[in-house]
Amino acid sequence: MKGNWHIVALAVTVSIITVLTASYLFAICYIAWIGFLFLQRRLGKMVLLLASAFLCFFLLYIPKIHDLSPVFSEESFPEQTFNGQIIGPIEESSSRIQFTLKDTPSNKTYLILYFKNDTTEIARYPHLRTGATCKFQGIPERPDPSTNPGEFDFRNYLASKKITYQVYLESLQEITCTGQNLLHRFYTLRKNITTYLDKRVSTGTSSWMKGLVLGDDSAIEEETIELFQRWSLSHLLAISGLHVGLFVGFLYLVFIKFNVLTKEKAQWLILFILPGYAVVAGGEPSIWRASMMVVCFVILRKLNSTFNYTDVLSFVFISFVILNPYLVYQVGFQLSFLVTFGLLLSQRWIATSNSLIVQGFKISFVAQMMILPMLLHHFYTFQPLSILVNTLIVPYFSLLVIPSMFMFVIVSPFPIIQVLDKIFLMAQNLLLTFLHFLDKHFNYPWTIDGMSIEAVAVYYMLVIWFMYFVQLKHNLKAFFSGTLITVLISYFAAIPYFSSYGIITMLDIGQGDAYVVELPYRRGVFLIDAGAGVTFPERIPTNSKYKKIIQPYLKSRGITKLDAIIVTHKDVDHSGSVNYLAGEYKTDMIIVSDYYEIEQASKDLWAQENIAVHHVKQGDQINVGGQILHVMAPNKDKGSPNENSIVLLTEFGGQSWLFTGDIGREEEKEFINTYEHLSIDVLKVAHHGSSSSSDETFLEQIEPAFALISAGRNNRYGHPTEEVIAGLEKVGAMILRTDKDGAVQFVFNREAGTFYKFLP
């Protein structure tokens with residue numbers, strides 16, 4: 001089996017892909033491949049049998065997440081008694097405290113949440129400890145599913161951790177807990193170290209020390225984390241092989257160089273200390289992978305056994321999946337092993353150059369090639385220039401920043417730490433200035449409408465062939481493989497531009513409007529309204545709807561540019577996310593009514609982003625990518641944002657559409673008096689289904705076949721009202737509403753179109 005464990009690891013990988021896709025095509029192809037190798041006498045009988053056995057075993061062993069169905073639960077549970085053990089750390093933020101509890105009677109795992117209503121700190125509740133046995137009363141609830149394409153699915157995320165229900169607590173005083181386990185001591189040590197670092201160095205340096213030594217990046221500014229994500233530098237914030245290597249090197253320095261222990265005893269001690277560091281440093285898959293590989297190497301050396309790096313990686317990978325099969329759903333686990341496997345496969349090619357700069361470029365190239373499809377599959381975005389940027393930034397972090405962070409921990413008790421602190425901040429500020437410069441002038445990402453998991457698997461097959469031919473110096477075959485990789489990626493990037501179908505999406509942003517219109521062949525992309533949530537009582541727009549719903553949807557559709565944003569009126573639930581869009585997406589124009597009062601801050605931002613502002617009134621036409629939208633109102637200033645809403649008439653898929661903003665009954669009556677013989681196929685119901693709109697006479701005259709209502713679930717206004725629903729049903733309209741159906745999409749071509757609900 002020596003040198004062939006990667007064949008078995010590939011069998012496990014194929015099993016994972018088969019379970020995720022519910023297709024046995026990859027399993028069949030894998031069996032055919034190893035059968036061919038066996039017939040060619042390139043694979044031994046033992047490897048064939050073991051690979052086949054592992055394939056069959058893991059097809060049954062990998063769990064299927066049964067909670068993927070995006071359905072809101074109508075089931076109501078009574079209050080019940082929970083009696084179980086806290087597993088994992090107690091997590092605390094400024095607004096909440098949460099932990100995971102495994103209930104003993106039911107053997108189920110629950111997420112326990114407590115939202116603070118004051119300055120509560122976990123220190124006030126010392127009985128909450130990892131490993132403690134707790135008893136309390138609570139009502140289990142199923143977390144809400146995602147209701148929009150591209151939106152992060154928290155229910156799915158919890159299901160991947162074998163958690164189906166969550167419990168909200170009104171008070172932590174009602175919980176009775178006793179005991180703890182060894183993990184609690186490690187988590188306490190982690191917390192004590194972070195508190196100590198906060199006291200010894202500046203906030204800026206402390207945030208990087210905690211991130212790079214302890215795996216806690218919560219103190220690093222969100223803007224910096226997003227900057228690193230855009231340039232594929234997030235791996236530098238995740239503790240991995242380099243960090244573990246430095247930690248082991250530090251232990252060797254202390255134990256051996258200072259004659260504390262013999263080499264043999266130091267190795268045994270490292271075997272025990274390393275898993276502890278993995279826990280203290282956050283316990284992410286990347287650090288466990290690196291730590292376990294070091295442990296395997298030490299054990300194999302003690303057994304005087306020669307080893308193959310790929311075999312060790314394969315063995316660690318298989319062991320992880322056996323111990324916790326739910327890990328296969330974690331992106332960090334996937335990326336960690338993919339990058340490491342890619343670097344091992346390419347080690348001969350990387351080593352052919354004696355130049356550290358060239359080697360750094362090759363490592364960056366291989367790493368980016370390995371993560372590219374996963375980034376597109378999960379996040380829809382990849383920055384091509386990140387390969388060059390990684391070549392510059394990775395050595396800086398590897399040779400200076402990360403070693404400095406470990407050294408700072410060692411010298412933190414001494415006064416010199418204050419000098420080192422200032423030097424580090426100066427260097428780090430220069431780095432961030434450089435990255436912001438690149439981000440402003442050279443940020444041209446590939447944003448692609450995702451990649452299917454089948455396409456991802458094909459991509460990796462092509463990459464393996466490419467690297468194989470590169471190492472053998474078969475340049476023509478390598479060029480052909482590279483060309484196929486380029487064609488595969490380009491195909492997914494070009495799909496919208498060759499599709500004769502357009503899509504109109506009524507996003508579910510709760511109590512607000514946001515319609516995204518994508519014209520066929522990507523002739524144009526524009527929004528009609530982009531609402532936001534607000535803070536209370538200030539009623540200041542927040543970016544939560546934009547970050548969680550609007551932006552992820554645009555990314556999931558491969559949209560990087562907006563031809564227009566049409567803002568029907570000024571209310572926050574229609575306009576609150578416009579400035580967030582304008583600040584991040586190249587936007588050609590923003591269209592408002594003649595009676596829309598633009599705030600100075602918005603004027604300044606739009607001018608800074610070179611966005612043209614157009615004012616329209618009744619009788620005007622808007623042309624976006626050849627799509628003509630007729631402005632039917634307003635014709636004069638009504639003195640109210642709602643009544644001054646832009647009303648638009650256009651045609652999609654052979655059907656007439658009327659977008660009404662938040663106009664009221666008087667404006668509706670004025671509309672039908674002005675346009676007496678107009679009938680509508682699709683009506684965007686005004687004011688979220690409020691009884692102040694959708695007059696019976698109005699509905700009877702336009703006779704819509706479909707009615708679109710954007711309203712929040714269980715909203716305090718009672719939208720849509722029973723009166724409006726009854727009126728729409730009376731005229732025979734099919735009602736599509738975000739509070740019941742989630743996002744609603746209309747897929748159309750020139751002649752026809754079909755509506756689709758996100759929720760079944």
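**Figure 1. Strand 11, residues 514-518, in its surroundings within the predicted model.** Of the 5 residues in strand 11, 5 are buried, so the strand is largely enclosed by the rest of the structure. In a regular strand the side chains alternate between the two faces of the sheet. One side of strand 11 carries Ala514, Val516 and Glu518, and the other carries Tyr515 and Val517; both faces are covered, these residues all being buried.

**Figure 2. The strands paired with strand 11.** Strand 10, made of residues 502-506, pairs with strand 11 in the antiparallel sense over 4 bridges. Thr505 has Val516 of strand 11 as its bridge partner. Strand 12 also runs antiparallel to strand 11, and 5 bridges join these two strands. Within this second pairing, Val517 stands opposite Phe526 of strand 12. The hairpin formed by strand 11 and strand 12 has 6 residues between the strands, and Tyr521 in this hairpin takes a positive phi near 60°.

**Figure 3. Asp529 and His687, two residues with positive phi.** Asp529 is not a glycine, yet its phi is positive, at about 75°. This residue belongs to strand 12, which covers residues 525-530. With a relative accessible area of 2%, Asp529 is buried. His687, likewise a residue other than glycine, has a positive phi near 55°. Its place is in the loop between strand 20 (682-684) and helix 24 (696-702). The relative accessible area of His687 is 19%; this residue counts as buried because the value falls under the 20% limit.

**Figure 4. Cis peptide bonds preceding Pro634 and Pro720.** Ala633 and Pro634 are joined by a cis peptide bond with an omega of about 10°. Pro634 is located in the loop that connects strand 17 (627-633) with strand 18 (647-652). A cis peptide bond also leads from His719 to Pro720, where omega is near -10°. Pro720 occupies the loop between strand 21 (706-709) and helix 25 (722-730).

**Figure 5. The largest nonpolar core.** This core holds 50 residues, of which Trp208, Phe228, Leu233, Ile393, Phe397, Met405 and Leu435 touch the most other members. Two or more residues come from each of several helices, including helix 6 (203-213), helix 7 (222-230), helix 8 (241-257), helix 15 (386-411) and helix 16 (416-441). Helix 15 gives the most to this core, namely 10 residues. Leaving aside residues up to four places away in sequence, Leu435 touches Leu227, Phe228, Leu233, Val389 and Ile393. Apart from the largest core lies another one, of 34 residues; Ile350, Leu375, Tyr459 and Leu488 are among them.

**Figure 6. A nonpolar patch on the surface.** Phe361, Leu385, Leu388, Phe437, Phe442 and Tyr444 make up this patch, which amounts to about 590 Å². Phe437, one of these residues, is found in helix 16. The relative accessibility of Phe437 is 44%, so this residue counts as partly exposed.

Technical notes. Residues are numbered from 1 along each chain as its sequence is written. This is a predicted model: local features need pLDDT of at least 70, side-chain atom pairs count only at pLDDT 80 or more; totals for chains, interfaces and linings use all residues. Side-chain values use heavy atoms; hydrogens and water are left out. Buried means under 20% relative accessible area, exposed over 50%, partly exposed in between (1.4 Å probe, protein chains only). A nonpolar core is a set of buried Ala, Val, Leu, Ile, Met, Phe, Trp, Tyr and Cys residues joined through side-chain atoms within 4.5 Å. Contact means heavy atoms within 4.5 Å. Two strands pair if DSSP finds at least two bridges between them. Patches are made of residues with over 30% relative accessible area and no salt bridge: like charges are joined within 9 Å, nonpolar side chains (Val, Leu, Ile, Met, Phe, Trp, Tyr) within 5 Å. Accessible areas come from the Shrake-Rupley method with a 1.4 Å probe; for residues, only the protein chains shown count as cover. A salt bridge is a side-chain nitrogen of Lys or Arg within 4 Å of a carboxyl oxygen of Asp or Glu.
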